[in-house]
Amino acid sequence: MGVRVMVVDEHRLLAEALASALKLRGHRVLAAAAPAAGAAELVISRAPEVCLLGTATPAEPGVFEPVVRIKRERPQIAVVVLGPVPSPRGIAAAFAAGASGYVRQDERIEGVERALAKARAGEVAISPQLLQSAFAELLNPAAQPDDEGTRLLRLLTPREVEVLVRVAEGEDTRLIAAGMDIAPSTARTHVQRVLMKLGVGSRLEAAALAARTGLLDRAAPPVQREPQREPQWEPQREQQGPQPAGA
């Protein structure tokens, strides 16, 4: 007996292709909808046995809010998340929201069918391989870069990164301008843009934020230039006219 299922995904082509494949295998597919914002309302109104809910970012905060609402208003609907290879945090977030299972987007149609059947029966629908990889990552976590520092670094242009490094080293506007061979007004504009992008109100705050998030460790050191030397002026000798004879 086929499962009465509903497919909801941001990518309409993926949703429609999966819906068509499930229909060919005897399942009753109620709808294939793209908008994520109205997913919960659509699922609640159609009341399928199982909902396949697609997501591209399972670890993002709030991404499983539709699952929470569906389970709150229609607890009899089993929700199986359809997503990329997740992190342990992504899997945990899906089940914490009330999902009955998690299926990778590159899973074969037979694997999707097994997940649908398990979810309808009230069982946990997730492959042993996916659980094994999740536990392996939890037991042996890979070193991850500071997410905040990486995010902040992406906000800045290479020129602004150099300005931030110089600010952190205590250079004032005049020194920044001289070191980068730009006008003081241009240096001042760069500093203001850096402060604005970092969301801070002073150079000291910018330097502290960069140090705390590890941004400075990832930034390339500024190009070292020879300091410009001021021209040396030699005093001109007074030109003397011909001396009178006998002087």
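User: What makes helix H1 roughly perpendicular to helix H5?

Analyst: In this predicted model, helix H1 (residues 12–24) and helix H5 (residues 109–120) pack at an angle of about 75°, with their axes 11 Å apart. The axes are lines fitted to C-alpha atoms, for helices over the stretch in contact, and angles run from 0 to 180 degrees between N-to-C directions. Angles of 65 to 115 degrees count as roughly perpendicular, under 35 as roughly parallel, over 145 as roughly antiparallel and the rest as oblique, and therefore H1 is roughly perpendicular to H5. Helices themselves are DSSP runs (H or I, at least four residues), as are strands (E, at least two), numbered from the N terminus.

User: Which residues make the contact, and how do they divide into nonpolar, polar and charged?

Analyst: With contact meaning heavy atoms within 4.5 Å, Leu18, Ala21 and Leu22 of H1 meet Ile109, Val112, Glu113 and Leu116 of H5. These divide into six nonpolar, no polar and one charged, where Ala, Val, Leu, Ile, Met, Phe, Trp, Tyr, Cys and Pro count as nonpolar, Asp, Glu, Lys and Arg as charged, and the others, Gly among them, as polar.

User: What makes Arg120 and Glu49 a salt bridge?

Analyst: A salt bridge needs a side-chain nitrogen of Lys or Arg within 4 Å of a carboxyl oxygen of Asp or Glu, and the closest N and O atoms of Arg120 and Glu49 are 3.6 Å apart. Arg120 lies in helix H5 and Glu49 in the loop between H2 and E3, so the pair ties together parts that are 71 residues apart in sequence.

User: Why is Glu160 called buried, and what is Arg193, its salt-bridge partner, called?

Analyst: Buried means under 20% relative accessible area, exposed over 50%, and partly exposed in between (1.4 Å probe, protein chains only). Glu160 is at 3% and therefore counts as buried, whereas Arg193, at 38%, is partly exposed. The closest N and O atoms of this pair are 3.1 Å apart.

User: Ala47 and Asp181 each have a positive phi; which is buried and which is exposed?

Analyst: Ala47, with a phi of about 50°, is buried because its relative accessible area is 17%. Asp181, with a phi of about 60°, is exposed because its value is 55%.

User: How are residues numbered, and which residues and atoms count?

Analyst: Residues are numbered from 1 along each chain as its sequence is written, and side-chain values use heavy atoms, with hydrogens and water left out. Because the model is predicted, local features need pLDDT of at least 70 and side-chain atom pairs count only at pLDDT 80 or more, while totals for chains, interfaces and linings use all residues.
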